[in-house]
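Take a moment to turn the model around before reading on. Then follow the chain through the stops below.

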Amino acid sequence: MKIFDGFKALGRFKKAGALFMTAALSAAMLTGCGGGSGDTSQVSLTLSVPDPETSSVGMAAAEYAKRVKEESKGSIDIKVYYNGSLYGGDSAAGIKQLSAGGLDILVLSSSLYANFNPGFNVISVPYMFDDEKQFTDYLNSETGKKLMNSVDGLEIKTLGTWTRSFRQITNSKHPVNAPEDLSGIVLRVPNNPLWVEYFSKAGASCTPMSFSEVYNALQLGTLDGQENPVDVPLSAKFYEVQKYISMSNHMADAWLVGMNKSKFASLSDEQKQVLEKVGQEMQQWKLDYDKEADKKALQELQDKGMTMNEITPENKAKFVELSKGLYGTFKSLVKDDALFDATTKFVGKS
């Protein structure tokens, strides 16, 4: 299905989206609504995540559902669905279904919303953020909040913004210590020109591919490598088909916890407050969880045969300079000069 570039394009899909099976499932599960009043009728909601139950976002989704049920005194029951099962693993389709009401809540990478609002590309500009603290501060800043709430134009309510661990590179050829080590590597990247521009400049042969196809492609040798936060190669068992993991920390990313606006509006004021309050509180929970989980995941990957290498400050500077040399291109991909300038000013790279 072709990916659409703007909020207006979504309108053409509203009626079609209602035909998805998940719409019927959500309607069947809705046992009561408060209509924005003080009514606290019990309601059942679906929450979809793209990764397995044991992944970082899978664990966070389960914790969110648990806390919401407790905070709402049982008036909100959330059932979590993993591996993109309610939207066929197609992230663009998932966003359209969420917009149309076919999904209740969807936790999806902010970078995937760039197909609908190019401004989200600013988060994933390589080496834009120095570390997770700076990135978290940005998400909680006026500029960050405005960006994450821009999905309102897609009929999506932002319940929370959770951090995602920085991305690392894995491959089956050799350790990546400097940009030149990527030369000739056939690298899977998301279907986003920002990734393609950066890694192509480094010399990699970029292959945009659906995540569900990556393992087989790595196994068959169609791909040499991929890049993701460290929990992904573990939960997806890439250690079976990859030898090296290089701690490049090259890109930040966030999880946008989005809810269909109409479904959100149908809830009582108390239920709305719970969903948002817990969504915000989960940001720190996820930061703490990821810090410990990433250490364990990296050790487990090595125990399973992968070789890890750190990148020296001198070589990291080469990656950073490569990115800065593409700022003109990245700015055109963001398509919002004011947002790009506000972001680079925030991180001290203007």
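**A walk through the fold**

K335 is exposed, because its relative accessible area of 62% is over the 50% cut-off. Keep in mind that this is a predicted model. K335 sits in the loop between α14 (327-334) and α15. Look across from there to P118. The two residues are 217 residues apart along the chain, yet their C-alpha atoms are separated by 6.2 Å.

Now compare another lysine. Is K349 buried or exposed? K349 is buried, because its relative accessible area of 15% falls under the 20% cut-off. This lysine lies in the segment after α15 (337-346). What does its side chain reach? One partner is the backbone oxygen of M128, at 3.0 Å. Another is D130: a polar contact of 2.7 Å joins the side chains of K349 and D130. Setting aside neighbours within four places in sequence, K349 is in contact with Y127, M128, D130, Q134, Y327 and T344.

M128 also leads to the next stop. It is among the residues that V122 touches. Not counting residues up to four places away in sequence, V122 also touches F129, Y138, L147, V334, L339, F340 and T343.

V122 belongs to the largest nonpolar core, which has 57 residues. Y113, V122, F199 and F330 are the residues with the most contacts inside that core. Which domains supply this core? It draws at least three residues from each of domain 1 (43-164 + 253-301) and domain 2 (167-252 + 305-347). A second, separate core has 28 residues, including L45, A65, W162 and W255.

Next, find helix α12, residues 269-303. How far should its 35 residues span? At 1.5 Å a residue, the expected span is 51 Å. The end C-alpha atoms of α12 are 49 Å apart, which agrees. Trace the helix to M282. There α12 bends by about 30°. Just after α12 comes G305, with a positive phi of about 110°.

Finally, step back to the whole chain. It holds 15 helices and 11 strands. Of its 350 residues, 56% are buried. Consider also the contacts with a separation of 6 or more. Residues 24 or more positions apart account for 74% of them.

Definitions and conventions. Residues numbered from 1 in each chain as written. Predicted model: local features only at pLDDT ≥ 70, side-chain atom pairs only at ≥ 80, totals over all residues. Heavy atoms only, no water. Core = buried A, V, L, I, M, F, W, Y, C linked by side-chain atoms within 4.5 Å. Buried < 20%, exposed > 50% of the residue type's maximum accessible area, 1.4 Å probe, protein only. Domains from an automatic or database assignment. Contact = heavy atoms within 4.5 Å. Helix = DSSP H or I, 4+ residues; strand = E, 2+ residues; numbered from the N terminus. Polar contact = N/O pair within 3.5 Å; in protein donor to acceptor, adjacent residues only side chain to side chain. Expected span 1.5 Å × (residues − 1). Bend = angle between axes of the 7 residues up to and from the residue.
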